[in-house]
Amino acid sequence: MHEKFYLEAYGCQMNVYDAKVIINLMERSGFQEILDPGDADILIFYTCNIRENAAKKVFSRLGMLKTSKTKVVAIGGCVAQAEKDSIFKMSKDVNVVFGPHVYHLLSSYIQRVLNGETKQVIDIDYIKDDKFCGKLDRERVTYSEFVTIQEGCDNFCSYCVVPYTRGREYSRPVKDIIADVKYLVSNGTRAITLIGQNVNSYMGEAPYINIDVPNTPWKLERLIRAIAEIDGIRRIRYTTSHPKDISVALMKAHAEIPLLVPFTHIPIQSGSDRILRLMNRGHTSSEYLDKLKMFCDICPTMQFSSDFIVGFPTETFRDFEDTLRVVDEMQYTISYAFKYSRRKNTPADVMPNQIPDLEKEKRLKLLQDTLMKYQILRNESLLHKTQEVLFEKVGKKDGQYIGKNVYMQSVVVESTTNIIGEFRDVLIESAGTNCVFGRVL
Ligand code: 5AD
Ligand code: SF4
């Protein structure tokens, strides 16, 4: 009999990707995924602790989902890496604690618990390449896939746990990435998103040519150029970037490679130079703005999204207004705003003058309103234009399909045939706050 597992994943795109691979590897080892936790023998939580109290959230979900049928509980990802064996103290129900670098070993750990060999297993090692060895099974490959090219972060922004959970920066070798992309494309993938915590600091081992050719590592733009040569690809994205690593060569790649979308996510976090210094971001707001302006000069169709943190320790209303000024200047297509969240063992957690939650709420609302104003303007700017859209899912109403244009704007159309996974040209006829509506040409 196949033991049944239920998996719940939270967090960033890297976690979404990891979770898909975990499900695939578990099934390959003879376990069966089910979508009803009530019937599961095994509960797996793949966690994120970038904001809020992630451990608490996982344990409350565990409390809700655990039944008399549950034989094994596994907690993985960044919470596991951060909390280590203290997870066993927080809940005696947990059997397996696995970090984000060892998920390829999860099925064997679960099997050991099921066999009665042990009650508790913990593995939070920083193994490097091994977990990337398992490709998705052919039948799981879809029209749009993530490919991890880089992991970890060396930037140590003072508010962030990622350098401690995902570890130091590591770039996968070019030949492995190219092999993964070719495999995906040969199985129907048309849109590739290259992912990494610091994707534009990618510096991967170059393919070996011969002894006379120096094997200098490739940067992101070189990798993208090689991927764009692979027959069958229609769209390439990468995420997420740090402003200091955006190079002129990468800007030129956007201008020169039609498959590379003229859109990228470059978080600034705050518009105040004093706060950026305290955040240890390594750039000022004018350095950031100058870089993005240069980007637009080199590739005039370029648009951007960003992340923002409001209410960082000591942030005054004046500092916050500097952030609003950046938004007014950049007029982002889409953006993500967060209230600063204190994270254990990060430098910002022990900074004086933490901002009260009510004040953070107020600033968040003001920032979101400003971001929304430009999001709507960007949506309206599409009116009566034709957009190439990759359709991803059905809409709320019968016959409705939703896809994304190159700028990640959601486009809704009606269609009598299923167009999920297909690129279509769409004439935009009206614009809303979170999407635009159009007609397939
Ligand atoms: N509090 C609030 N937001 C945070 N982020 C990272 N750490 C924190 C924190 N402690 C946000 C940043 C980052 C995004 C992925 O999450 O904006 O770019
Ligand atoms: Fe965290 Fe900063 Fe690294 Fe992004 S660049 S993952 S915010 S430390």
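Colleague: What makes 7-10-13 the order of an open sheet of three strands?

Modeller: In this predicted model, the pairing is parallel and follows the order 7-10-13. Strand 7 (144-148) and strand 13 (235-239) are the edge strands, since each pairs on one side only. From one strand to the next, the twist averages 20°.

Colleague: How do you know that strand 7 pairs with strand 10?

Modeller: Pairing needs at least two bridges, and five bridges join strand 7 to strand 10 (residues 191-195). One bridge links Thr148 with its partner Ile195 in strand 10.

Colleague: Why is helix 1 said to touch the sheet?

Modeller: Contact means heavy atoms within 4.5 Å, and helix 1 (residues 13-28) touches strand 7, strand 10 and strand 13 in that sense. The direction of helix 1 makes about 100° with that of strand 7. Helix 7 (residues 174-186) lies across strand 7 and strand 10, and runs at about 165° to strand 7.

Colleague: Why do strand 1 and strand 2 count as a pair?

Modeller: At least two bridges are needed, and strand 1 (residues 4-9) and strand 2 (residues 32-33) have two bridges, so they pair, in the parallel sense. Phe5 has Glu33 of strand 2 as its bridge partner.

Colleague: What makes the β-α-β crossover right-handed?

Modeller: With the strands pointing away from the viewer, the path has to run clockwise. The crossover from strand 1 through helix 1 to strand 2 is right-handed, so its path runs that way.

Colleague: How do you know that strand 1 pairs with strand 3?

Modeller: Five bridges join strand 1 to strand 3 (residues 42-47) in the parallel sense, where at least two are needed. Glu8 is bridged to Phe45 in strand 3.

Note on methods
Residues are numbered from 1 along each chain as its sequence is written. Chains are lettered from A and ligands numbered from 1 in the order in which they are written. This is a predicted model: local features need pLDDT of at least 70, side-chain atom pairs count only at pLDDT 80 or more; totals for chains, interfaces and linings use all residues. Side-chain values use heavy atoms; hydrogens and water are left out. Helices (H or I, at least four residues) and strands (E, at least two) are DSSP runs, numbered from the N terminus. Axes are lines fitted to C-alpha atoms, for helices over the stretch in contact, and angles run from 0 to 180 degrees between N-to-C directions.
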